[in-house]
Amino acid sequence: MSETAPPADFDCRNCGHRVSGEAADHFGWCKACRGTVVKRSSGWAVLPALVVVGLYLWMLGWFGLYDSMFLIVWIALGAALGWVAFKVARRVLFDVIRSRGVKPPADDPQRPA
Ligand SMILES: [Zn+2]
């Protein structure tokens, strides 16, 4: 990889816009395109996180831990688990969504692609 993106101007590899005043990321994407992927992957990452938390809560019931005096600990642990699942899922989804490409942000609709 000999990625020597100039700090000044670059053409975003996703939307093809000429972008100035910001640095391209490793994939040569502009900040707006990256933001779109972040937003979308965050939205989708909620689903697997909820599934993980749901499974965890089901497991607590399965083992009868709702009667435990450490219930608050289990719940805190579950919340942490859900958060980690969210982060991991978002990380994975980010790559998946980016590899498929996203529509360029509609901040410049009159510009021809
Ligand atoms: Zn872009």
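Helices and strands here are DSSP runs (H or I and at least four residues for a helix, E and at least two for a strand), numbered from the N terminus. Keep that in mind for every view below.

**Figure 1. The whole chain in this predicted model follows the pattern β-β-α-α.** That makes 2 helices and 2 strands. Residues are numbered from 1 along each chain as its sequence is written. Since this is a predicted model, local features need pLDDT of at least 70 and side-chain atom pairs count only at pLDDT 80 or more, while totals for chains, interfaces and linings use all residues. Let's sort out "buried": a residue is buried if 20 or more other C-beta atoms lie within 10 Å of its own, exposed if 12 or fewer, and partly exposed in between, with C-beta atoms placed from the backbone. By that count, 15% of the 113 residues are buried. Next up is "contact", where two residues have C-beta atoms, placed from the backbone, within 7 Å. Among contacts with a separation of 6 or more, 55% come from residues 24 or more positions apart.

**Figure 2. Here is V19, a residue of strand β2 (residues 18-20).** Is V19 buried or exposed? V19 is buried, because 20 other C-beta atoms lie within 10 Å. Skip its neighbours up to four places away in sequence, and V19 touches D9, F10, C12 and C30. A8 is 11 residues from V19 in sequence, and their C-alpha atoms are 8.2 Å apart.

**Figure 3. Zoom in on the largest nonpolar core, which has 8 residues.** A nonpolar core is a set of buried Ala, Val, Leu, Ile, Met, Phe, Trp, Tyr and Cys residues joined through C-beta atoms within 7 Å. Which residues make up this one? They are C12, C15, V19, A24, W29, C30, C33 and V37. Apart from that core lies another, of 5 residues, including A45, A85, A89 and L93. As a rule, nonpolar side chains in soluble globular proteins tend to be buried together.

**Figure 4. Helix α1 (residues 31-62) packs with helix α2 (residues 71-100).** Two packed helices are described by the angle between their axes and the distance between the axes. For α1 and α2, the angle is about 145 degrees and the axes are 7 Å apart. The axes are lines fitted to C-alpha atoms, for helices over the stretch in contact, and angles run from 0 to 180 degrees between N-to-C directions. The crossing is right-handed, meaning the near helix is turned clockwise from the far one by less than a right angle (anticlockwise would be left-handed). What kinds of residues form the contact of α1 with α2? There are 20 nonpolar, 4 polar and 3 charged residues. In this sorting, Ala, Val, Leu, Ile, Met, Phe, Trp, Tyr, Cys and Pro are nonpolar, Asp, Glu, Lys and Arg are charged, and the others, Gly among them, are polar.

**Figure 5. Follow α1 from end to end: 32 residues, reaching 46 Å from first C-alpha to last.** That is close to the 46 Å expected at 1.5 Å a residue, where the expected span is 1.5 Å times one less than the number of residues. Its buried residues are C33, T36, V37, A45 and A49, and what covers them includes α2. Just past the end of α1, G64 takes a positive phi of about 65 degrees.

**Figure 6. Two α1 residues, V52 and L57, get a view of their own.** V52 counts as partly exposed because it has 19 C-beta neighbours inside 10 Å. Leaving out residues up to four places away in sequence, V52 touches L81, G82 and A85. V52 and A85 are 33 residues apart in sequence, yet 7.0 Å apart in space, C-alpha to C-alpha. L57 is partly exposed too, with 16 other C-beta atoms within 10 Å. From L57 to G78 is 21 residues in sequence and 7.5 Å in space, C-alpha to C-alpha.

**Figure 7. Now for α2, whose 30 residues should span 44 Å at 1.5 Å a residue.** Its end C-alpha atoms are 42 Å apart, which agrees. Buried in α2 are G82, A85, A89, L93 and R98, with α1 among what covers them. A79 also belongs to α2, but it counts as exposed because it has 12 C-beta neighbours inside 10 Å. The C-alpha atoms of A79 and V52 are separated by 9.9 Å, with their positions 27 residues apart along the chain. Just after α2, G101 takes a positive phi of about 85 degrees.
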